[in-house]
Amino acid sequence: MTAVRVPGLPIIEAGQLVSTSPATGAEAGRLPIATAADVQQAVDRARAASEWWVGLGFTGRRQRLLRWRALLAQRIEQLAELVHVEGGKPVADAIVEIVTAIEHIDWAARNARRVLGPRRVRSRLILAEFSGHLEYQPHGVVGVIGPWNYPVFTPVGSAAYALAAGNTVVLKPSEYTPATGQWLVDSFAEVVGEQPVFTAVHGLGDVGAALCRSGVDKIAFTGSTATARKVMAACAESLTPVLIEGGGKDAMIVDSDANLDAAAEACVWGGMTNAGQTCIGIERVYAVDPIFDAFVDKVVAKASRLTVGPEGTDIGPITMPSQVDVIRRHIEAAVSSGGRAVLGGPSAVQPPYVHPTVLVDVPEDSAAIREETFGPTLTINRVRDADEAVARANALSYGLGGSVFGRRRAVSIAGRLRSGMASVNSTLTFAGMSTLPFGGTGDSGFGRIHGEDGLREFGRTKATTRRRARSLLPSMTFERTPADVARLVKAIKVLYGR
Ligand code: NDP
């Protein structure tokens, strides 16, 4: 940590983590930094609370989670203001973020029993004398490690599902947004005051590392791919399972029959909401040749109208001061390698703000195309046709989300994107649909939050067989006779031999 107060950079003072506004430098929150022993104690307390939380059953947990959801809905303005002050995000963006989190809590609470609860599964002719039973039991304690860019949506996307599944949760929020993380656990404690079911530990990366090594039963990590590798390495020591929601470099494809006004609107939103600091944000656009020029004009017209500044604007400050250098490097790399800035450019970088920037004809090997930029910037490249667009979109090791605009071919193009999610004629919308799983592939991670897959991610699969009748073809016993085996062979030939 530095002695010079850089707005937005967290400070450590007298054992406390102090988060500051990236716009003004004003203090946003002050939380005690956890030692490794504190982390262990938090996990031990969460483990002790497990029995009580599991004992509430799906019905009891549903009631509590729905009450928590109601609290968030009632206090949405208060939480949005905190997110705004601590991370710099415009209040309207914070509201949208919290709305999606509320929806996820609601869905997880209402659907946990149906998805995870005990059920009978069909048996087949082989072992027909047994019934099959399946349920998803809680892992125990889940450690949730979250990033700063969506400090409500991302931890809630894991925690609400983990809690609904019967786990207790210890959250390590980003050092840039600890007060928002603490707000979440404090509000939860108002509706679940009896036991420390959902708590937080604060600090820098070493606190996250301590959580990985604390004996938790699963880690749900959301953050950069580089940190994900460290998390996996730490968890490998104890075979702790991990869920990885990593970074992305999502592409949008604009086909020749797209509604260009709608595509431009969604492109600007998808690329520049939250100042472009969105894992599933649109960073690369591939537009087919016949509509390329018209599409770029529309994007530039819309993006140039966005307002930038601390209050009441479309684009707020860059949350993490060091990210400004990454954004500047990407813009300069694009321009110096033959790309053109048709809006903004290097001069758009005015810390802590970056003004909307649209780059065209950027070489595909440029950092602006290959690395996560996390700024209000878009690259738009011309492609011959949708096939070339898909090939370019799929050329990176990231595979988080993506978007396609078009009519006839759009759905099939979306299906060909090597990504965990895609939206057709919109951007980012899959994140808010609680019935759909959220997650990526390749360097964007593995495992899923949200939806049925997201609930199952936080349940240990338990499969049970139960005898219903005597075995007609006894095979799994030393009591079987040669005649039993011969009959088994005959039966298998009849059943499967043709
Ligand atoms: P980081 O990877 O820097 O940090 C994520 C979290 O990990 C933070 O809480 C951080 O703590 C913690 N951490 C740091 N080092 C370690 C360690 N060694 N062991 C355990 N935990 C550690 O990501 P950012 O916070 O910068 O978030 C931005 C990234 O998150 C982007 O790449 C973005 O794409 C990705 N992201 C992915 C999403 C998805 O769903 N796929 C959603 C949102 C963001 P500290 O902050 O104290 O360093």
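**Figure 1. Empty spaces inside the predicted model.** Searching the whole structure turns up 4 cavities of 30 Å³ or more. Keep in mind for this and every later view that we're looking at a predicted model. The largest cavity holds about 100 Å³ of space. It has 15 lining residues, and Arg-284, Ala-393, Gly-401, Arg-418 and Ser-419 are the ones closest to its centre. Strand 11 (250-254) and strand 18 (398-399) each put at least two residues into the lining of this largest cavity. Sort that lining by class and you get 6 nonpolar, 5 polar and 4 charged residues.

**Figure 2. The second largest cavity and its lining.** Here the space comes to about 50 Å³. Which residues line the second largest cavity? They are Phe-153, Thr-154, Thr-222, Glu-245, Gly-246, Cys-279, Phe-438 and Ile-449. By class, that's 4 nonpolar, 3 polar and 1 charged. Two of these names come back in the ligand views: Gly-246 lines this cavity and also has a backbone N or O atom 2.7 Å from a nitrogen atom of the ligand. Cys-279, also in this cavity lining, is among the residues that come nearest to the ligand.

**Figure 3. The largest pocket, home of the ligand.** This is where the ligand sits. The largest pocket contains about 830 Å³ of space. Of its 36 lining residues, Trp-148, Phe-221, Gly-223, Ser-224 and Thr-227 are closest to the centre. Several elements chip in: helix 7 (205-212), strand 9 (218-222), helix 8 (225-236) and helix 11 (323-336) are the ones to look for. Each of helix 7, strand 9, helix 8 and helix 11 brings at least two residues to the lining of the largest pocket. Which helix gives the most to that lining? Helix 8 does, with 5 residues. The lining as a whole splits into 15 nonpolar, 13 polar and 8 charged residues.

**Figure 4. The shell around the ligand.** Zoom in on the ligand and you'll find 31 residues around it, with Gly-146, Glu-175, Ser-224, Cys-279 and Glu-372 coming nearest. Ser-224 is worth spotting in both views, as one of the nearest residues to the ligand and one of those closest to the centre of the largest pocket. Helix 7, strand 9 and helix 8 each supply at least two residues of this shell. In terms of class, the shell has 12 nonpolar, 14 polar and 5 charged residues.

**Figure 5. Backbone atoms facing the ligand.** Three glycines are picked out here. Gly-146 places a backbone N or O atom 2.7 Å from an oxygen atom of the ligand. At Gly-205, a polar backbone atom is 3.4 Å from a ligand oxygen atom. Gly-246 has a backbone N or O atom 2.7 Å from a nitrogen atom of the ligand. How much of the ligand's accessible area does the protein cover? On its own the ligand has 910 Å², and the protein covers 90% of that.

**Figure 6. The second largest pocket.** This pocket has a volume of about 430 Å³. It is lined by 19 residues, and those closest to its centre are Ile-126, Leu-127, Ala-128, Glu-129 and Leu-473. Strand 23 (459-467) and helix 16 (482-496) each lend at least two residues to the lining. Helix 16 has the largest share, 3 residues. Counted by class, the lining of the second largest pocket has 12 nonpolar, 4 polar and 3 charged residues.

**Figure 7. Two backbone oddities.** Most peptide bonds are trans, and most residues other than glycine have a negative phi. Now look at Pro-351 and Pro-352: a cis peptide bond joins them, with omega about 5 degrees. Pro-352 is in the loop between strand 14 (349-350) and strand 15 (353-354). The other spot is Ala-275, which isn't a glycine but still has a positive phi of about 55 degrees. You'll find Ala-275 in the loop between helix 9 (260-272) and strand 12 (282-288).

Definitions and conventions. Residues numbered from 1 in each chain as written. Predicted model: local features only at pLDDT ≥ 70, side-chain atom pairs only at ≥ 80, totals over all residues. Heavy atoms only, no water. Near = heavy atom within 4 Å. Polar contact = N/O pair within 3.5 Å; in protein donor to acceptor, adjacent residues only side chain to side chain. Areas by Shrake-Rupley, 256 points an atom, 1.4 Å probe, with all protein chains shown as cover. 1 Å grid on protein atoms, 1.4 Å probe; cavity = no way out; pocket = protein on both sides within 12 Å on 5 of 7 lines; lining within 4 Å. Sits in = over half its atoms within 2 Å of the grid points. Helix = DSSP H or I, 4+ residues; strand = E, 2+ residues; numbered from the N terminus. Nonpolar A, V, L, I, M, F, W, Y, C, P; charged D, E, K, R; others polar. Points joined across faces, edges and corners; volume = space filled by probe spheres on them.
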